[in-house]
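The questions below take one chain from its overall build to individual side chains. Each answer sets out its grounds before it gives the value or name.

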Amino acid sequence: MTNYIIDGHDISRLFDEKYPTIKFSENLKDHIPSYGSIVYTIWNNKEEFIYVGIGGVGQSPNTPLEKRNPRSRIKQHQDGRRSGDQFNVYVHDFFIIPEIVNSGKYEPVKGDLDKLTQKYIHENLSYRFCCFQTEDSIQIVRKIETKIKNGHFGMKPFLNGEDTD
């Protein structure tokens, strides 16, 4: 399926493999515009869909378009810090903790879990995004994200798909 349309918006870039994913280790400024709102999908090295998110929604629905920073959320993910970033918490819980448990050894070191989370993200995950640079971009990305979480295209992200049963 190559026609990924939601509410009249072509979001093929999020799912179609003809659009390459971007590694989290890459400089986001080389890929993401400096303003607007984005919806993004995150994929593991096996091209499995694991997360959908949004960025550039500002502090309120009235944030001016030029003040919406679509890079900030991806930057948070790149940093690997769990505090304040639900995606990084999910990565930690579903991928880092099992690795630690399976290894049978762990010595607590301040900041080490965040570094492990960041390393995992940089080495194993990548993303695709669609950017919207219109006054209503916040509403657009929120609606698209919700529909994707609910399985609009017959698939839900592993980490944050919504149970609608």
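Q: How many of the 165 residues, as a percentage, count as buried?
A: The model is a predicted one, and its C-alpha trace spans about 50 × 35 × 30 Å along the principal axes. The accessible surface of the chain comes to about 9300 Å², with 46% of that area belonging to carbon and sulfur atoms. Of the 165 residues, the share that counts as buried is 44%.

Q: What radius of gyration does the chain have, and what would a compact globule lead one to expect?
A: For 165 residues, a compact globule would have a radius of gyration near 15 Å. The value for the chain agrees with that expectation, being 16 Å.

Q: In what pattern do the helices and strands follow one another along the sequence?
A: The chain contains four helices and six strands. Residues 24 or more positions apart account for 70% of its contacts with a separation of 6 or more. Read along the sequence, the elements follow the pattern β-β-β-β-β-α-α-α-β-α.

Q: How far apart are the centres of the positive and negative side chains?
A: The chain carries 22 positive and 23 negative side chains, and the structure holds seven salt bridges. The centres of the two charged sets lie apart by 4 Å.

Q: Which residue forms a salt bridge with lysine 147?
A: Lysine 147 is partly exposed at a relative accessible area of 30%, and its partner also counts as partly exposed, at 45%. The pair links distant parts of the chain, 140 residues apart, with lysine 147 in helix H4 (residues 137–149) and the partner in the loop between strand E1 (5–6) and strand E2 (9–10). The closest approach given for the bridge is 2.8 Å from N to O, and the partner is aspartate 7.

Q: In which helix do lysine 119 and glutamate 123 both lie?
A: Lysine 119 forms a salt bridge with glutamate 123, the closest N and O atoms being 3.9 Å apart. Lysine 119 is partly exposed at 47% relative accessible area, and glutamate 123 likewise counts as partly exposed, at 44%. The two residues are four positions apart, about one turn, and both lie in helix H3 (residues 112–124).

Q: Is aspartate 79 buried or exposed?
A: Aspartate 79 forms a salt bridge with arginine 81, with 3.5 Å between the closest N and O atoms. Because residues under 20% relative accessible area count as buried, the 19% of aspartate 79 makes this residue buried.

Q: Which elements are included in the cover over the buried residues of helix H1?
A: The buried residues of H1 (residues 71–79) are Arg71, Ile74, His77, Gln78 and Asp79. Just after H1, glycine 80 takes a positive phi of about 80 degrees. The cover over the buried residues of H1 includes strand E4 (37–44), strand E5 (49–55), helix H2 (86–103), H3 and strand E6 (125–132).

Q: With which residues is leucine 159 in contact, leaving aside its neighbours within four places in sequence?
A: Leucine 159 lies in the segment after H4 and is buried, with a relative accessible area of 7%. Its C-alpha atom is separated by 9.9 Å from that of isoleucine 42, a residue 117 positions away along the chain. Leaving aside neighbours within four places in sequence, leucine 159 is in contact with Ile50, Tyr51, Phe87, Tyr90, Phe94 and Phe95.

Terms used: Residues are numbered from 1 along each chain as its sequence is written. Side-chain values use heavy atoms; hydrogens and water are left out. The radius of gyration is taken over C-alpha atoms; the globule rule is 2.2 Å times the number of residues to the power 0.38. Buried means under 20% relative accessible area, exposed over 50%, partly exposed in between (1.4 Å probe, protein chains only). Contact means heavy atoms within 4.5 Å. Accessible areas come from the Shrake-Rupley method with a 1.4 Å probe; for residues, only the protein chains shown count as cover. Lys and Arg count as positive and Asp and Glu as negative; His and the chain ends are not counted. The place of a charge is taken as NZ of Lys, CZ of Arg, CG of Asp or CD of Glu. A salt bridge is a side-chain nitrogen of Lys or Arg within 4 Å of a carboxyl oxygen of Asp or Glu.
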